[in-house]
Amino acid sequence: MLGCETGFMLLWIASNLVKAVTVAAERCTVNVTEVTRRRGDAIHLEWSSPGIVCNYSVSYRRHQSWVVACNPAPHTGDSHECELHNLTAGTLHQLLVYSLTDGSSANVTVQTGKALTYSGR
């Protein structure tokens, strides 16, 4: 017959094995679908996040600090959007789309001006 201490030890080992097999939760993703110029100093950013419902914050880099531009609600289904205003026209801007749900993020670099260019991740 097993002693009390041995029984607790077996229970502890079994509980740790169960923890090790736990499946990782689905993560929020950011797939930039559109970046359009509204004016020389404003842009419109759209992205999709298939899978789980996520909340986001969009910030941009200004003078060595991050400025929160918006905390968008879902636009339609898994689509989100954000308007960024009062950017310096004709300059390169670093944007951060940050998931408030799980901390995942995506970087987007945007060049404002007459012709809008961007790159993601």
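Cys 70 and Cys 82 form a disulfide, with 1.8 Å between their sulfur atoms. Keep in mind as you look around that this is a predicted model. The Cys 70–Cys 82 pair is one of two disulfides that the structure holds, and the chain around them is built from one helix and nine strands. Here is a short tour, starting with that pair.

**The Cys 70–Cys 82 disulfide**

- Cys 70 belongs to strand β4 (residues 65-70) and Cys 82 to strand β6 (residues 79-84), so the bond links distant parts of the chain, twelve residues apart.
- The torsion about the S-S bond of Cys 70 and Cys 82 comes to about -140 degrees, which means this disulfide is left-handed.
- If you look for these two cysteines on the structure, you will find that both Cys 70 and Cys 82 are buried.

**The Cys 28–Cys 54 disulfide**

- The other bond joins Cys 28 and Cys 54, whose sulfur atoms lie 2.0 Å apart.
- Cys 28 sits in the loop between α1 (4-20) and β1 (31-39), while Cys 54 sits in the loop between β2 (42-48) and β3 (56-62), so the pair ties together parts that are 26 residues apart in sequence.
- This disulfide is left-handed, because the torsion about the S-S bond of Cys 28 and Cys 54 is about -95 degrees.
- Cys 28 has a relative accessibility of 6%, so it counts as buried.
- Cys 54 has a relative accessibility of 2%, so Cys 54 counts as buried too.

**How the cysteines pair up**

- A disulfide is a covalent bond between the sulfur atoms of two cysteines.
- With the bonded cysteines of the chain numbered in sequence order, the pairing reads 1-2, 3-4.

**The chain as a whole**

- Following the sequence, you meet the elements in the pattern α-β-β-β-β-β-β-β-β-β.
- The chain has 121 residues, and 29% of them are buried.
- Among the contacts with a separation of 6 or more, 53% are between residues 24 or more positions apart.
- About 7,700 Å² of the chain is exposed, and carbon and sulfur atoms supply 58% of that area.

Key:
Residues numbered from 1 in each chain as written. Predicted model: local features only at pLDDT ≥ 70, side-chain atom pairs only at ≥ 80, totals over all residues. Heavy atoms only, no water. Helix = DSSP H or I, 4+ residues; strand = E, 2+ residues; numbered from the N terminus. Buried < 20%, exposed > 50% of the residue type's maximum accessible area, 1.4 Å probe, protein only. Contact = heavy atoms within 4.5 Å. Areas by Shrake-Rupley, 256 points an atom, 1.4 Å probe, with all protein chains shown as cover. Disulfide = S-S within 2.5 Å.
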